[in-house]
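Trainee: I should like a close look at the cysteines of this chain. Please describe how they are paired and where they lie.

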Amino acid sequence: MGNLQLVIATLAAILLATATISATVVEGAVADIVTPDFFNSIRSQAPNSCAGKNFYTRDAFLQAANSYPNFGNRGSLAGSQREIAAFFAHVTHETGSMCYIEEINRATYCDTRQYPCAQGKQYYGRGPLQLTWNYNYAVCGQALNFNGVGDPDVVARDPVLAWRTALWFWMTNVRPVLPQGFGATIRAINGMECNGGNAPAVRARVSYYNSYCQRFGIQPEANTGC
């Protein structure tokens, strides 16, 4: 191959690679998948009286997602859509379609074997995935630079932080099991529901997941139940 042909072949390869990468980035971008219509279709199911109606916004979610560039990036558009479908299936179930900022049945959720609890503070569920227990608040606070033990209520005051805590929990505890199927994500979030522990809750989560996959025009992966 002559020098000119080699240069042309090299440039063609670079252009093809660049086009492929650009297509993947554009097609798989979280903002392109979580459109205003998709986000609002979930939030619109909540009554106007809900505390989360104006707290959970797409803008706050996207700001939080900027901190996690690997979220919603599974190497293909369908893979990215499945992850986002799974994430929002759990968010929908945990928050009642973005109605609840804080858990309804509140408790202290304090386990001092590894992490302390602040006097008068309760570590019940808050945010899109209902972050719960003092040890989760402690570790999440260290990761995101907020006082999770001393001021767990900040998760219910700051909408961007609320989404960041949900994404932190997802990326840390849930995303690693995604290859095992949606059922594994249920076990990672609330394993007590599995094996007959709360069959209606499992069915609800799976129903949301299937619905969002259908909305994206993709097939859900196998192993949806737990």
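Mentor: Before turning to the cysteines, one may consider the pocket that shares an element with them. α8 contributes the most residues to the lining of the largest pocket, namely 3. The elements giving two or more residues to this lining are α5 (77-95), α8 (182-190) and α9 (199-216).

The model is a predicted one, with an average pLDDT of 89 over the chain and 88% of the residues scoring at least 70. Residues 1-27 stay under a pLDDT of 50. Where pLDDT is low, the predicted coordinates should not be read in detail.

The cysteines themselves form 3 disulfides. When the bonded cysteines are numbered in sequence order, the pairing reads 1-2, 3-4, 5-6.

Cys-50 and Cys-99 make up one of these disulfides, with 2.0 Å between their sulfur atoms. Cys-50 sits in the loop between α3 (36-43) and α4 (58-65), and Cys-99 in the loop between α5 and α6 (134-144), so this disulfide ties together parts that are 49 residues apart in sequence. The angle about its S-S bond is -85°, and the link is left-handed. Both Cys-50 and Cys-99 are buried.

Another disulfide joins Cys-110 to Cys-117, again with an S to S distance of 2.0 Å. Here the torsion about the S-S bond is about 115°, so the link of Cys-110 and Cys-117 is right-handed. Cys-110 is partly exposed at a relative accessible area of 34%, and Cys-117 is also partly exposed, at 24%.

Cys-194 and Cys-226 form a further disulfide, whose sulfur atoms are 2.0 Å apart. This pair links distant parts of the chain: Cys-194 belongs to the loop between α8 and α9, whereas Cys-226 belongs to the segment after α9, 32 residues apart. A torsion of about -90° about the S-S bond makes the disulfide of Cys-194 and Cys-226 left-handed. Its two ends fall into separate accessibility classes. Cys-194 has 5% relative accessibility and therefore counts as buried, since the cut-off for buried is under 20%. Cys-226, at 22%, counts as partly exposed.

Two other cysteines deserve mention for their burial. Cys-140 is buried, with a relative accessible area of 0%. Cys-213 likewise counts as buried, at 0% relative accessibility.

To return to the pocket, its space amounts to about 700 Å³. Its lining comprises 26 residues, and Glu-94, Glu-103, Gln-130, Thr-132 and Asn-190 lie nearest its centre. By class, the lining has 11 nonpolar, 10 polar and 5 charged residues.

Technical notes
Residues are numbered from 1 along each chain as its sequence is written. This is a predicted model: local features need pLDDT of at least 70, side-chain atom pairs count only at pLDDT 80 or more; totals for chains, interfaces and linings use all residues. Side-chain values use heavy atoms; hydrogens and water are left out. On a 1 Å grid over the protein atoms alone, a cavity is a set of points where a 1.4 Å probe fits but cannot get out, and a pocket is an open set with protein on both sides within 12 Å along at least five of seven lines; lining residues have an atom within 4 Å of a point. Grid points are joined across faces, edges and corners, and a volume is the space filled by probe spheres set on the points. Helices (H or I, at least four residues) and strands (E, at least two) are DSSP runs, numbered from the N terminus. Ala, Val, Leu, Ile, Met, Phe, Trp, Tyr, Cys and Pro count as nonpolar, Asp, Glu, Lys and Arg as charged, and the others, Gly among them, as polar. pLDDT is the predictor's confidence in each residue, from 0 to 100. Contact means heavy atoms within 4.5 Å. A disulfide is a pair of cysteine sulfur atoms within 2.5 Å. Buried means under 20% relative accessible area, exposed over 50%, partly exposed in between (1.4 Å probe, protein chains only).
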